[in-house]
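Hi everyone, thanks for making time this morning. I'd like to walk you through one structure, so please have a look at it with me.

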Amino acid sequence: MGVYLNPGNDGFWKAVRSKIYVDKTGLIAYTNELINTEQQFICVSRPRRFGKSMALKMLAAYYSCGCDSADLFRGRRIEQYESYQEHLNQYDVIYLNMQQFLIRAKNQCVTEYLERVVLADIRRVYGEVFSAEETILAAALEQIHSETGRQFIFLMDEWDCVMRERQESEMLQKQYLDFLRDLLKDQSYVALAYMTGILPVKKYGEHSALNMFTEYSMTDQKTLEEYTGFTEDEVKSLCRQFDMDFDETSSWYDGYKFTHYQHIYNPRSVVEAMNCRKFSNYWTSTEVYDALKTYINMDFDGLRADIVQMLGDGRVRVNTRSFRNDMRSLEVKDDVLTLLIHLGYLAYDFEAKEVFIPNKEIVEEFETAMSVKGWTEVMRVVKASEKLLEDTLACDGKCVAEGLDRAHMEVSSILTYNDENSLGCAIGLAYYSARKDYMLIRELPTGRGFADIVFLPLPHAGKPALVVELKYDKTANTAIQQIKDRHYTQAFRNYTGEILLVGINYDKDNKNKPHSCVIEKIQK
């Protein structure tokens with residue numbers, strides 16, 4: 001086994017020996033189908049901590065010749081597929097961690113350093129096949145293939161680190177993309193190329209020649225949705241195994257939504273929560289909160305209002321097509337929102353073309369980023385939300401209305417009330433602190449309509465459920481009557497206990513006290 005050529009199966013061996021291992025070997029069946037086809041180039045982009053490196057270690061263990069990985073895959077899903085034995089440990093694998101090369105090259109040219117050390121590793125096996133003076137990796141591999149017929153599978157981690165960490169150096173980026181194009185495109189020695197990163201590959205000006213890659217990104221994972229993170233069934237199984245509450249796990253780590261898999265969980269955070277037996281924010285990234293702060297403070301018209309709307313559990317329409325897949329060419333607010341999707345700070349609904357903050361863990365990231373200057377008004381609303389919830393639980397409609405009036409004054413310069421939807425986002429923000437004890441659901445289907453906002457208490461909370469109905473230029477009593485007439489509380493099939501019916505109206509013509517609120521308590 002080598003360092004870069006056929007690195008073996010140690011990485012995957014450690015994974016399957018871990019306390020928690022979720023079987024994602026079905027991915028191998030998919031990559032097997034693509035070997036030596038027009039679709040053999042795969043670029044998978046996901047946020048940090050979403051299992052990209054784990055997948056590469058699994059693929060390296062499966063494909064690398066020179067080692068026997070049969071025991072590691074025994075009993076795994078991949079064994080059920082006909083292609084399993086055909087490709088097991090049958091290829092020369094070249095495994096490249098681009099982040100590692102970028103760090104180690106220091107003042108050297110990254111690609112020249114990479115070629116030098118990788119060629120040295122390959123010479124141990126194929127030194128007699130190509131010239132000792134050869135310094136170009138692609139040329140050496142061409143010669144090996146010509147002489148032996150051997151093909152290579154390329155596994156590349158952090159492919160985009162040059163784009164992210166050397167944003168100012170267009171020359172380095174051009175050189176790097178030229179290197180990848182020469183190494184991979186139209187080369188008969190390539191059986192499969194699978195590379196991972198945070199950013200997709202296209203739209204780098206004239207150097208979009210990496211367009212042979214099929215992209216699987218956070219805006220469209222295509223057939224790889226199941227392997228983007230943990231699925232709902234996988235998380236339910238872990239919650240049973242570790243005696244952890246599934247609903248609370250969902251509120252913390254669910255929210256990434258795709259076409260077929262509507263609930264994808266952050267895998268790293270779920271594993272940490274199960275191991276620690278504690279729900280907390282485990283999603284850490286080298287893109288520290290200062291980076292998030294930079295992006296959300298960018299001076300694009302409407303961006304701040306969109307952020308506030310999403311903090312209130314709302315959704316925002318976005319056009320992802322203008323994004324050029326780098327971290328510098330941000331020209332409109334949609335570019336910023338699309339970048340935040342790729343970084344994992346926002347989730348994307350492909351069908352609706354909308355973005356939203358996926359879960360409690362990411363909400364905390366936004367709160368941290370906004371805790372410095374620039375978001376003073378919003379943070380005042382957030383800090384006052386604890387008192388608003390207390391007044392609601394005390395059924396004090398007068399104090400709730402006054403609290404909503406104050407919250408409205410704080411954010412009126414950012415978020416404009418013009419319909420029940422914008423009112424709902426503002427109310428969601430005003431009840432921000434409720435997220436630690438409740439699961440907030442907008443537009444809950446009830447069989448006879450949709451309840452505007454429902455607060456379902458988490459198991460640890462010991463608090464009543466809330467059904468909030470919003471009205472615009474009507475009355476709070478009208479809102480309460482609608483909850484009763486349409487039997488919204490019947491949607492609480494598995495809930496027993498107190499339910500507070502909260503009717504809120506906004507009167508646009510009442511400048512001093514625009515909000516009114518009526519609260520009633522029932523038992524279910």
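I'll talk about the pockets and then the cysteines.

Just to be clear at the start, this is a predicted model.

Let's begin with the largest pocket, which has a volume of about 1300 Å³. Its lining takes in 40 residues, and those nearest the centre are Asp254, His263, Met439, Leu440 and Ile441. If you want to find the walls on your screen, the elements that give two or more residues are α12 (246-253), α17 (360-369), α20 (420-430), β11 (438-445) and β12 (450-457). Which element gives the largest share of this lining? That would be β11, with seven residues. By character, the lining splits into 20 nonpolar, nine polar and eleven charged residues.

Now over to the second largest pocket, with about 900 Å³ of space. Here 34 residues form the lining, and Phe50, Gly51, Lys52, Met54 and Pro267 sit nearest the centre. At least two lining residues each come from α1 (10-16), α3 (52-63) and α13 (267-276), and α3 has the largest share, six residues. This lining is made up of 14 nonpolar, nine polar and eleven charged residues.

Finally, the cysteines. How many disulfides does the structure hold? Zero. Take Cys239: its closest cysteine sulfur, in Cys276, is 14 Å away, so the two are too far apart for a bond, given that a disulfide needs the sulfur atoms within 2.5 Å. As for their surroundings, Cys239 is buried, at 4% relative accessible area, while Cys276 is partly exposed, at 43%.

That's my tour, and I'm happy to take questions.

Methods: Residues are numbered from 1 along each chain as its sequence is written. This is a predicted model: local features need pLDDT of at least 70, side-chain atom pairs count only at pLDDT 80 or more; totals for chains, interfaces and linings use all residues. Side-chain values use heavy atoms; hydrogens and water are left out. Buried means under 20% relative accessible area, exposed over 50%, partly exposed in between (1.4 Å probe, protein chains only). On a 1 Å grid over the protein atoms alone, a cavity is a set of points where a 1.4 Å probe fits but cannot get out, and a pocket is an open set with protein on both sides within 12 Å along at least five of seven lines; lining residues have an atom within 4 Å of a point. Grid points are joined across faces, edges and corners, and a volume is the space filled by probe spheres set on the points. Helices (H or I, at least four residues) and strands (E, at least two) are DSSP runs, numbered from the N terminus. Ala, Val, Leu, Ile, Met, Phe, Trp, Tyr, Cys and Pro count as nonpolar, Asp, Glu, Lys and Arg as charged, and the others, Gly among them, as polar.
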